[in-house]
Amino acid sequence: MTLYKVLIVGAGGMLAAAVESTLSPVFGVTALSKEQLDITNRDAVIKAIDSIKPNVLINTAAYTNADECEKNREIAMQTNGTAVGYLAQAAQAIGARIIHVSTDYIFDGEKQGQYAEDDNPNPLSVYGQSKLMGEQELMRFTDNYLIIRTQWMFGENRNNFVSAIIKLAREKDEVIVVDDQYGSPTYTKDVAGIIKWFVEHDQVKGQVFHFSNEGIVSRFGFAEEILKLAGIKTKLVPVNTSAFTRPAQRPHNSALDKAKIKRVTGASIRPWQEALYEYIKNTGGI
């Protein structure tokens with residue numbers, strides 16, 4: 001029996017590490033970092049994917065610093081947009097399926113309630129615009145794809161909101177956190193688990209899915225739970241987003257509706273608090 005081959009692009013990132021750890025015991029996994037494969041180089045992408053010939057290509061590579069994207073629009077659009085088209089073309093050429101990770105930032109945050117997969121995108125930032133372009137490029141070049149939009153990720157192997165809050169709380173007497181941005185914190189381990197399900201069920205394709213841990217909270221509420229679980233007593237100060245001057249505009253409400261993914265996969269998605277507890281227990285939040 002030929003071993004099912006999976007190629008992960010974006011190795012070294014927080015999500016890629018979780019996906020590789022989850023899939024490696026089951027599949028033949030190759031993971032390529034930015035240094036090993038520059039996805040903005042079309043010829044290099046086509047050569048690498050044709051050489052490896054994976055059954056599934058998982059794209060976790062992205063330029064994710066929203067504020068830096070505002071300053072480096074061309075790089076953001078190339079990395080998060082045009083390059084996804086290169087990956088799609090290369091996957092299509094060898095008959096591979098591509099699973100692409102996208103973001104809640106494609107929405108403007110003005111909806112009352114949770115965003116469904118077919119809600120109209122209206123990104124507020126270059127990061128959101130570039131990720132939307134990536135989705136469009138993917139659909140333009142292949143129909144053998146899955147898009148998984150997620151949000152507010154935390155996980156091992158990389159700095160994230162959880163590790164940042166804990167670091168600040170250990171260094172300062174008080175920490176200021178915005179209290180008017182709402183979403184669902186999401187553990188990379190749980191995203192990796194749902195990606196594994198899709199790898200195993202190759203009949204599901206040509207669709208967009210939303211995934212996050214269950215429950216909606218503000219950034220401030222998220223920070224409160226982080227410090228509680230970490231046993232840190234530092235004072236938290238809630239402020240409006242307007243109190244911060246940052247290059248990239250953030251959506252105020254980007255909570256994602258997960259009814260579709262639960263219906264299709266049968267997954268039982270755990271609350272973000274439970275996922276956060278496991279992460280902090282395993283890592284100390286670092």
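This dialogue walks through strand 4 and helix 4 of a predicted model.

Q: How is strand 4 (residues 97-103) placed: buried or exposed?
A: Start with the cut-off: a residue is buried when its relative accessible area is under 20%. Strand 4 is mostly covered, with seven of its seven residues buried.

Q: Which residues lie on each face of strand 4?
A: Take the faces in turn. One side holds Arg97, Ile99, Val101 and Thr103. The other holds Ile98, His100 and Ser102. Both faces are covered.

Q: How many bridges join strand 3 (residues 56-59) to strand 4?
A: For strand pairing, look at the bridges and the direction. Four bridges join strand 3 to strand 4, and the two run parallel. To find the register, pick one pair: valine 56 stands opposite arginine 97.

Q: Which residue of strand 5 is the bridge partner of isoleucine 99?
A: Leucine 146 is that partner. Strand 5 (residues 145-150) pairs with strand 4 over six bridges, in the parallel sense. The chain gets from strand 4 to strand 5 through helix 5 (residues 126-141), and this β-α-β crossover is right-handed.

Q: What span should the 22 residues of helix 4 (residues 73-94) have?
A: Compare the expected rise with the end-to-end distance. At 1.5 Å a residue, helix 4 should span 32 Å. Its end C-alpha atoms are 31 Å apart, which agrees.

Q: Where does helix 4 bend?
A: Check the axis direction along the helix. Helix 4 bends by about 35° at alanine 83.

Q: What phi does glycine 95 take, just after helix 4?
A: Read the sign of the backbone angle. Glycine 95 has a positive phi of about 75°.

Methods. Residues are numbered from 1 along each chain as its sequence is written. This is a predicted model: local features need pLDDT of at least 70, side-chain atom pairs count only at pLDDT 80 or more; totals for chains, interfaces and linings use all residues. Side-chain values use heavy atoms; hydrogens and water are left out. Buried means under 20% relative accessible area, exposed over 50%, partly exposed in between (1.4 Å probe, protein chains only). Two strands pair if DSSP finds at least two bridges between them. A crossover is right-handed if, with the strands pointing away from the viewer, the path from the first strand over the helix to the second runs clockwise. The expected span of a helix is 1.5 Å times one less than its number of residues. The bend at a residue is the angle between axes fitted to the seven residues ending there and the seven starting there.
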